[in-house]
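Me: I am new to this structure and would like to go through it step by step. Please let each answer end on the value or name requested.

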Amino acid sequence: MKKQSKEQKLETELERKSRITPDKMWDNLSGFWSVWLIHVGSDLGLFEAFRKGPLTVDEVAEAKGYEKVYVEVWCSTASQFGFLDGNATDGYRVTSGWGHLLEHYGDWASTYIRLSQRVDQSIEAVFKGRAFPESSLSLQMAMSQGIRA
């Protein structure tokens with residue numbers, strides 16, 4: 001058997017890592033949706049409410065003035081991602097150990113979403129040559145302001 005050089009080993013490793021697989025695609029999509037889930041839960045005070053749990057979907061929807069169906073979908077999804085423990089019958093609560101982290105990452109997720117929306121609003125104009133891309137300094141400043149807030 002022929003021995004591979006360091007360069008060949010590195011190239012083989014890079015090829016393996018760059019292959020798109022259904023599992024890799026699912027991981028990427030899950031990461032995207034978990035950021036949105038954290039953003040919504042943080043901005044709407046859902047994590048804060050369920051830290052006091054267990055609370056039912058009805059209790060939180062009524063207390064917050066939200067439509068039950070949307071709170072139900074959010075809870076089901078948050079449960080699947082492991083952010084909430086419980087079920088629709090007995091109520092949900094924030095999974096042990098997540099409370100403090102979700103407070104911190106909620107701000108990060110919200111900043112990330114807002115920054116992504118800002119880029120998305122101008123991307124077509126940039127690609128069509130009708131606008132210049134926003135400078136990376138401007139985006140970094142927006143990111144740091146959002147994280148500090």
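Me: To begin with, where is the place of Phe 81?

Reply: The model shown here is predicted. Phe 81 belongs to neither a helix nor a strand, as its place is in a loop. That loop lies between helix 5 (68–80) and strand 1 (84–87).

Me: What is the relative accessibility of Phe 81, and how does this residue count?

Reply: Buried means under 20% relative accessible area, and exposed means over 50%. Phe 81 falls in between, so this residue counts as partly exposed, at a relative accessibility of 31%.

Me: Which residues form a nonpolar patch on the surface, and with what accessible area together?

Reply: A residue needs over 30% relative accessible area to join a patch, and Phe 81 has 31%. Phe 81 forms a nonpolar surface patch with Phe 32 and Trp 33. Together, the accessible area of these residues is about 310 Å².

Me: Which residues does Ser 34 touch, not counting residues up to four places away in sequence?

Reply: Ser 34 is found in helix 2. Its relative accessible area is 15%, and because this is under 20%, Ser 34 is buried. Once residues up to four places away in sequence are set aside, Ser 34 touches Phe 81 and Phe 83.

Me: In what order do the elements of the protein chain run from the N terminus on?

Reply: The protein chain has seven helices and two strands. Written from the N terminus on, with α for a helix and β for a strand, the order is α-α-α-α-α-β-β-α-α.

Me: Which elements give two or more residues to the largest nonpolar core?

Reply: In general, nonpolar side chains tend to be buried together in soluble globular proteins. The largest nonpolar core here has 18 residues, and those touching the most other members are Phe 47, Phe 50, Trp 74, Cys 75, Phe 83 and Leu 84. Two or more residues of this core come from each of helix 2 (22–43), helix 3 (46–51), helix 4 (57–64), helix 5 and strand 2 (91–94).

Me: Which residues does Cys 75 touch, not counting residues up to four places away in sequence?

Reply: Cys 75 is one of the core residues that touch the most other members. With residues up to four places away in sequence left out, Cys 75 touches Phe 50, Val 57, Leu 84 and Tyr 92.

Me: How many Å from a polar atom of the side chain of Thr 95 does the backbone oxygen of Gly 82 lie?

Reply: Thr 95 has its place in the loop between strand 2 and helix 6 (99–127). A relative accessible area of 14% is under 20%, so Thr 95 is buried. Beyond its neighbours within four places in sequence, Thr 95 is in contact with Gly 82, Phe 83, Leu 84 and Asp 85. From the backbone oxygen of Gly 82 to a polar atom of the Thr 95 side chain, the distance is 2.9 Å.

Me: Which side chains meet in a salt bridge?

Reply: Side chains of opposite charge can pair when their charged atoms come close. A search of the whole structure finds one salt bridge, with an N to O distance of 3.4 Å. This pair links helix 4 with helix 5, and its residues are 10 apart. The partners are Asp 58 and Lys 68.

Me: How far apart in space are Glu 59 and Gly 91, C-alpha to C-alpha?

Reply: Glu 59 has its place in helix 4, and a polar atom of its side chain lies 2.7 Å from the backbone nitrogen of Thr 56. In sequence, Glu 59 and Gly 91 are 32 residues apart. In space, their C-alpha to C-alpha distance is 9.0 Å.

Key:
Residues numbered from 1 in each chain as written. Predicted model: local features only at pLDDT ≥ 70, side-chain atom pairs only at ≥ 80, totals over all residues. Heavy atoms only, no water. Patch = residues over 30% accessible without salt bridge, like charges linked within 9 Å, V, L, I, M, F, W, Y side chains within 5 Å. Areas by Shrake-Rupley, 256 points an atom, 1.4 Å probe, with all protein chains shown as cover. Salt bridge = Lys/Arg side-chain N within 4 Å of Asp/Glu carboxyl O. Helix = DSSP H or I, 4+ residues; strand = E, 2+ residues; numbered from the N terminus. Buried < 20%, exposed > 50% of the residue type's maximum accessible area, 1.4 Å probe, protein only. Core = buried A, V, L, I, M, F, W, Y, C linked by side-chain atoms within 4.5 Å. Contact = heavy atoms within 4.5 Å. Polar contact = N/O pair within 3.5 Å; in protein donor to acceptor, adjacent residues only side chain to side chain.
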